[in-house]
Amino acid sequence: MKTNLIPLIVSFGLLLNSCNTSKEEKTSNNIKLKNQTQLSQVEIGQKLYKGKGNCTSCHQLYKNSIGPSIQEIVGIYKEQNADMIAFLKQEGKPIVKPEQYSVMKTNFAVLKTFSQEELEALTAYMYSIVDRKE
Ligand code: HEC
């Protein structure tokens with residue numbers, strides 16, 4: 001009798017446990033969704049720029065570092081009415097510092113994982129930097 005109870009207790013424990021984890025997942029998903037809807041496109045772009053894109057390792061907003069500043073890049077793109085999203089999708093030519101294009105090229109592996117919406121948010125953030133300063 002005693003030994004028969006053990007598997008019962010174990011499975012009851014597992015059942016409880018699985019209930020708990022699915023509950024937790026549910027709440028963390030809810031939080032994620034809630035946060036996403038609260039973020040503006042520019043804020044999402046900023047997160048991508050700093051996070052997944054890791055653009056900060058070579059680009060500063062107003063100063064040149066390894067790469068040209070975002071201010072300079074956006075200035076040139078605006079001046080020439082160029083398509084930054086096309087560049088980020090490897091569908092356009094470099095127009096800022098073509099002689100250093102090989103360095104920027106290393107990012108296309110990551111940029112390929114960006115959806116159209118993510119690329120739009122990323123560029124919206126970069127453009128917003130310049131608009132704020134003007
Ligand atoms: C390893 C360093 C490095 C990283 C990381 C990096 N860049 Fe660059 N980027 C450069 C360099 C160097 C240039 C100048 C060469 C050029 O103009 O293509 C450049 C140029 C650019 C240009 C102008 C391209 C043109 O038309 O000439 C854009 C737009 C750009 N980067 C966006 C980004 C974004 C967005 C990210 C993050 C996803 C990023 N970069 C990450 C080094 C980097």
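Here is a walk through the aromatic contacts in this structure, which is a predicted model.

Let's start with the rings. Counting pairs whose ring centres lie within 6.5 Å, you end up with four aromatic pairs. One of them brings together F87 and Y101: the ring centres sit 5.9 Å apart with the planes at 55°, so this pair is tilted. To call a pair edge-to-face you'd need an angle over 60 degrees. In sequence terms, F87 and Y101 are 14 residues apart, and their contact ties together distant parts of the chain. F87 belongs to helix α4 (residues 84–88), while Y101 belongs to helix α5 (residues 101–105). Both F87 and Y101 are buried.

Now stay on F87 and look towards F108. Here the ring centres are 5.7 Å apart and the planes meet at 65°, so F87 and F108 make an edge-to-face pair. This contact, too, links distant parts of the chain, with F87 in helix α4 and F108 in helix α6 (residues 108–111), 21 residues apart.

How buried are these two? The cut-off for buried is under 20% relative accessible area. F87 has 9% relative accessibility, so it counts as buried. F108 comes in at 3% relative accessible area, and therefore it is buried as well. Put the pieces together and you get one aromatic cluster made of F87, Y101 and F108.

There's one more ring to visit, this time with a charge involved. If you find F114 in the structure, you'll see K52 lying over the face of its ring, 4.6 Å from the ring centre.

Terms used
Residues are numbered from 1 along each chain as its sequence is written. This is a predicted model: local features need pLDDT of at least 70, side-chain atom pairs count only at pLDDT 80 or more; totals for chains, interfaces and linings use all residues. Side-chain values use heavy atoms; hydrogens and water are left out. Rings of Phe, Tyr and Trp (its six-membered ring) pair if their centres lie within 6.5 Å; planes under 30 degrees apart count as stacked, over 60 as edge-to-face and the rest as tilted. Helices (H or I, at least four residues) and strands (E, at least two) are DSSP runs, numbered from the N terminus. Buried means under 20% relative accessible area, exposed over 50%, partly exposed in between (1.4 Å probe, protein chains only). A charge sits over a ring if NZ of Lys or CZ of Arg is within 6 Å of the ring centre and within 35 degrees of the ring normal.
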